[in-house]
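User: I would like to learn how to read a fold, one feature at a time. Please take me through this one.

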Amino acid sequence: MAGLISSLLFCSLSFSSLAQTRIAVLDFELKDLTLAPGVPAEVQRTASIKPLLEQELKRAGYVVIAIPNQAQKTANSGVGYLFDHADAAAQLGKQFQADYILVGRLHKPSFLFAYLMGRLVKVEDGKLIGDYISESKGPNASLTIKAVESLTTKIDHDLERRYNPPPPAKLAH
């Protein structure tokens, strides 16, 4: 009897882990249209988006699939290629058994604000599930985090609707 219960428990745990949604998040690209493009602070902010987004997706219960940087570079035929070609992004996601792949860009048309842009692609059929934009005013790291939380909310809304962003942090005076 104990063996039967253990087997059932193991099967149910195995099934639930198979049923979890698997999302791959690619490195965000910087599209800086300002008069001083690609300053180190903007490059650093752009690099911070992927790990922040992965963290929030994990908090929501998604399985985050790692795609090696070299595999992303190989699949990306040029700046913006994967962002503009859902089929190519889906093929990359398939190689790593993801259910969805998110291709992102930090679009900076001004020194005053930037847009976090993400395109969620269903790997199975290459269909674009969602095209998301979250605005970030100013380069402050806390504002970037809020924009990532907003992006996560939008992604989750189209998938499983289980993400609850953390409450706003109180500013110290």
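User: Which pattern does the protein chain follow, read along the sequence?

Analyst: Some ground rules come before the pattern. This is a predicted model, in which local features need pLDDT of at least 70 and side-chain atom pairs count only at pLDDT 80 or more, while totals for chains, interfaces and linings use all residues. Residues are numbered from 1 along each chain as its sequence is written, and side-chain values use heavy atoms, with hydrogens and water left out. Helices (H or I, at least four residues) and strands (E, at least two) are DSSP runs, numbered from the N terminus. Here the pattern is α-β-β-α-β-α-α-α-β-β-β-α. That comes to 6 helices and 6 strands.

User: How do I read strand pairing, and how many bridges join E4 to E5?

Analyst: Two strands pair if DSSP finds at least two bridges between them. E4 and E5 run antiparallel, joined by 8 bridges. Tyr 100 has Lys 122 of E5 as its bridge partner. The connection is a hairpin through 4 residues.

User: What joins strand E5 to strand E6?

Analyst: Strands E5 (residues 113-122) and E6 (residues 127-137) are antiparallel, with 10 bridges. Tyr 115 is bridged to Glu 135 in E6. Val 121 stands opposite Leu 128. This pair is also a hairpin, with 4 residues between the strands. Look at Gly 126 in the turn: its phi is positive, about 75°. For the side chains, keep one rule in mind. In a regular strand they alternate between the two faces of the sheet.

User: How do I read burial, and which residues of helix H5 are buried?

Analyst: Buried means under 20% relative accessible area, exposed over 50%, and partly exposed in between (1.4 Å probe, protein chains only). Of the 173 residues in the protein chain, 39% are buried. Helix H5 (residues 86-95) has Ala 88, Ala 89, Ala 90, Leu 92 and Gly 93 buried. These pack against helix H3 (69-75), H4, E4 and E5. Just after H5, Gln 97 has a positive phi of about 55°.

User: Helix H6 next. Why does Glu 149 count as buried?

Analyst: Glu 149 counts as buried because its relative accessibility is 7%. Glu 149 sits in helix H6 (residues 141-158). Contact means heavy atoms within 4.5 Å. Leaving aside neighbours within four places in sequence, Glu 149 touches Glu 56, Tyr 163, Pro 165 and Pro 166.

User: Is Ile 145 buried or partly exposed?

Analyst: Ile 145 is also found in helix H6. At 35% relative accessibility, Ile 145 counts as partly exposed. Check its spacing to Leu 52: 93 residues apart in sequence, 7.1 Å apart in space, C-alpha to C-alpha. For the whole chain, take contacts with a separation of 6 or more: residues 24 or more positions apart account for 58% of them.

User: What is a nonpolar core, and which residues touch the most other members in the largest nonpolar core?

Analyst: A nonpolar core is a set of buried Ala, Val, Leu, Ile, Met, Phe, Trp, Tyr and Cys residues joined through side-chain atoms within 4.5 Å. The largest has 22 residues, and Leu 53, Leu 57 and Ile 155 touch the most other members. Strand E1 (22-25), helix H2 (40-59), E4, E5 and H6 each supply at least two residues. H6 gives the most, with 4 residues. Leaving aside neighbours within four places in sequence, Ile 155 contacts Leu 53, Leu 57, Leu 102, Leu 120 and Tyr 132. A second, separate core has 17 residues, including Ala 71, Leu 82, Ala 98 and Val 123.

User: Last feature. How many cavities of 30 Å³ or more does a search of the whole structure find?

Analyst: On a 1 Å grid over the protein atoms alone, a cavity is a set of points where a 1.4 Å probe fits but cannot get out; lining residues have an atom within 4 Å of a point. Grid points are joined across faces, edges and corners, and a volume is the space filled by probe spheres set on the points. The search finds 1 cavity of 30 Å³ or more. Its volume is about 40 Å³. Leu 26, Asp 27, Glu 29, Gln 72, Asn 76, Leu 82, Phe 83, Val 103 and Gly 104 line this cavity. Helix H4 (81-84) and strand E4 (100-108) are the elements that give two or more residues to the lining.

Note on methods:
On a 1 Å grid over the protein atoms alone, a cavity is a set of points where a 1.4 Å probe fits but cannot get out, and a pocket is an open set with protein on both sides within 12 Å along at least five of seven lines; lining residues have an atom within 4 Å of a point.
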